[in-house]
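Here is a friendly walk through one protein model, written for someone who likes to check geometry against coordinates. Have the viewer open as you read.

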Amino acid sequence: VIAVIMVRVSLPLGLLVLIGLPLVIALMSVLIKPLQAKQAVAREEQGTLTTISTDAVAGLRVLRGIGGEDVYNANYEAQSAKVRDAGITVASSSAMLAMLRSSMPLVFTALVVGYGSVLTFEGRITVGELVAFFGYTTFLRNPINVASNAIQQYTRAWVGVKKMTRVLAVDPLVDD
């Protein structure tokens, strides 16, 4: 509805919004694949660290009895460093997505208002229509936020589903 109103008031400004909004969402979605890969590595490393911890808890007396505590500690420290490094690489992509999520709607609004100001100075739209366009563009920030949240949740869910399907694909060791 807002897009139709905007196109009826000013075709160039309305088209800027209609074309620009999907471009903003597409720009944010460019980070999906790298973020998925980094999150998959981070989850895999975290799973390995959890396995090491679980094994240690289950066999702590045996480890102490055979003098394996030092080997366990070295393995745990090495895996913990891998988890930390994987978390840092995930954080950079997540931070980039958060930055885009915060700044792109503002940049988009500034672009629309800037171009609308030019149209106002040329006399093609009125000051009231420019203010209305600002309000419409501000209102359209919500779909951008919803799309970026969906991208982030989709990425986390996809990584989890891939891991779960690998676990479910393991053949059982015993038959019924």
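## Aromatic pairs and their surroundings

Phe133 is buried, because its relative accessibility is 1%, well within the under-20% range that the term requires. Please keep in mind that this is a predicted model.

Phe133 shares helix α6, residues 127-139, with Tyr136. Three residues separate the two along the chain, which is about one turn of the helix. Tyr136 is partly exposed, with a relative accessibility of 23%.

How many aromatic pairs are there by the rule used here? The count is two. In one of them, Phe133 and Tyr136 meet edge-to-face, with 6.2 Å from centre to centre and 70 degrees between the planes.

The pair of Tyr154 and Trp158 is stacked, because the planes of the two rings are at 20 degrees, with the centres 6.3 Å apart; a stacked pair needs planes under 30 degrees apart. Tyr154 and Trp158 belong to helix α7, residues 141-168, and they are about one helical turn from each other because they are four residues apart. Tyr154 is partly exposed at 42% relative accessibility, and Trp158 is partly exposed at 38%.

Gly135 is also worth a look. This glycine is found in helix α6 and is partly exposed, with 34% relative accessibility. Its C-alpha atom is 9.9 Å from that of Val113, and the two residues are 22 apart along the chain.

Here are the accessibility values for several residues of this report.

| Residue | Relative accessible area | Class |
|---|---|---|
| Phe133 | 1% | buried |
| Thr109 | 5% | buried |
| Gln79 | 7% | buried |
| Tyr136 | 23% | partly exposed |
| Gly135 | 34% | partly exposed |
| Trp158 | 38% | partly exposed |
| Tyr154 | 42% | partly exposed |
| Ile19 | 52% | exposed |

## Core and helix contacts

In soluble globular proteins, nonpolar side chains tend to be buried together. The largest nonpolar core in this model has 23 residues, and those touching the most other members are Met6, Leu13, Val17, Val24, Met28, Phe108 and Val112. Two or more residues each come from α1 (2-9), α2 (11-29), α3 (32-58), α5, α6 and α7. Which element gives the largest share of this core? That is α5, with eight residues.

Met28 shows what such a core member meets. Beyond residues up to four places away in sequence, Met28 touches Leu97, Leu100, Arg101, Ile144, Ser148 and Ile151.

Two polar residues of α5 can be followed in the viewer as well. Thr109 lies in this helix, which spans residues 69-121, and is buried because its relative accessible area is 5%. Leaving aside neighbours within four places in sequence, Thr109 is in contact with Phe134, Thr137, Thr138 and Arg141.

Gln79 has its place in α5 too, and counts as buried at 7% relative accessibility. With neighbours within four places in sequence again left aside, Gln79 is in contact with Glu45, Thr48, Leu49 and Ile52.

## A nonpolar patch on the surface

Finally, turn to the outside of the model. Leu11, Leu15, Leu18, Ile19 and Leu23 form a nonpolar surface patch, and together they have about 460 Å² of accessible area. Is Ile19, one of these residues, buried or exposed? Ile19 is exposed, because its relative accessible area is 52% and the term applies over 50%. This isoleucine lies in helix α2.

Methods: Residues are numbered from 1 along each chain as its sequence is written. This is a predicted model: local features need pLDDT of at least 70, side-chain atom pairs count only at pLDDT 80 or more; totals for chains, interfaces and linings use all residues. Side-chain values use heavy atoms; hydrogens and water are left out. Buried means under 20% relative accessible area, exposed over 50%, partly exposed in between (1.4 Å probe, protein chains only). Contact means heavy atoms within 4.5 Å. Rings of Phe, Tyr and Trp (its six-membered ring) pair if their centres lie within 6.5 Å; planes under 30 degrees apart count as stacked, over 60 as edge-to-face and the rest as tilted. A nonpolar core is a set of buried Ala, Val, Leu, Ile, Met, Phe, Trp, Tyr and Cys residues joined through side-chain atoms within 4.5 Å. Patches are made of residues with over 30% relative accessible area and no salt bridge: like charges are joined within 9 Å, nonpolar side chains (Val, Leu, Ile, Met, Phe, Trp, Tyr) within 5 Å. Accessible areas come from the Shrake-Rupley method with a 1.4 Å probe; for residues, only the protein chains shown count as cover. A salt bridge is a side-chain nitrogen of Lys or Arg within 4 Å of a carboxyl oxygen of Asp or Glu.
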